[in-house]
Amino acid sequence: YEWVGVAKYAVSFLRSRRELESIGVIGVKEGANIGWALAGTDSRIDCFVPLFGAGWRAYKNVGKYSGKELEMNDERLRYLAGVDAHAYAQYVRCPVFYMTATNSERFDCDRGIDTVCRIAGDVPTLVNLAPGFSDALDLQCMRNVNLFLAKYLLGFRLQLPREPKLGIKTENKKVAVEVDLDFS
């Protein structure tokens, strides 16, 4: 809460600057978790880019599909429900561009996508997964962030790729997946 309070003071300071028209937030790893709370509670944010962090810190080192059970006590349950970053995603109203590496040991990609899925359907949301980069992102990821900021922070007229369409069919104990991607 204290770091989110500091971030709110920073937003207030930036909004007092007459030469600034919009404010974007980029949070890296633990800073992304602060950014989720800020973007979910402060309507003065125009766009948000969380890199890696997306909550679920109570599950650190417990992979979503690992089969390990997490001991749940009242304090951990309260933290998960109302303090951790994913609890704020449903309240974010500015465009979001979530980026993470698929194999990061510190930030669970699967749970990060769970957080992104909590964002309201009418909020522009993009996801960039960097396979094999562990706790880093490549130069293409940085270019993608720049395009996102150009559109939502600077007002450039850019057409971003549409969401992929997925279709899954099961027939005779076989699964077929069809993916329609926008390669623009």
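Modeller: A residue counts as buried when its relative accessible area is under 20%, and that cut-off is applied here to a predicted model.

Colleague: Why is C141 called buried?

Modeller: The relative accessible area of C141 is 4%, and because buried means under 20%, C141 counts as buried.

Colleague: What makes C94 count as buried?

Modeller: The reasoning is the same in kind: C94 has 5% relative accessibility, which is set against the limit of under 20%, and therefore C94 counts as buried.

Colleague: How do you know that C94 is in no disulfide?

Modeller: A disulfide needs a pair of cysteine sulfur atoms within 2.5 Å, whereas the cysteine sulfur nearest to that of C94 belongs to C47 and is 6.7 Å away, so by this definition C94 is in no disulfide.

Colleague: And what makes you say that C141 is in no disulfide?

Modeller: For C141 the nearest cysteine sulfur is that of C109, at 12 Å, and because the limit is 2.5 Å, C141 is in no disulfide either; the structure as a whole holds 0 disulfides.

Colleague: Which residues touch the most other members of the largest nonpolar core?

Modeller: They are W36, I45, F48 and I119, in a core of 19 residues. At least two residues of this core come from each of α1 (2-16), α2 (30-41) and β3 (96-101), and α2 gives the largest share, with 3 residues.

Colleague: Which residues does I119 touch, not counting those up to four places away in sequence?

Modeller: I119 touches W36, A89, V92, V96 and T125. There is also a second, separate core of 13 residues, with A130, V145, F148 and L149 among them.

Technical notes. Residues are numbered from 1 along each chain as its sequence is written. This is a predicted model: local features need pLDDT of at least 70, side-chain atom pairs count only at pLDDT 80 or more; totals for chains, interfaces and linings use all residues. Side-chain values use heavy atoms; hydrogens and water are left out. A nonpolar core is a set of buried Ala, Val, Leu, Ile, Met, Phe, Trp, Tyr and Cys residues joined through side-chain atoms within 4.5 Å. Buried means under 20% relative accessible area, exposed over 50%, partly exposed in between (1.4 Å probe, protein chains only). Helices (H or I, at least four residues) and strands (E, at least two) are DSSP runs, numbered from the N terminus. Contact means heavy atoms within 4.5 Å.
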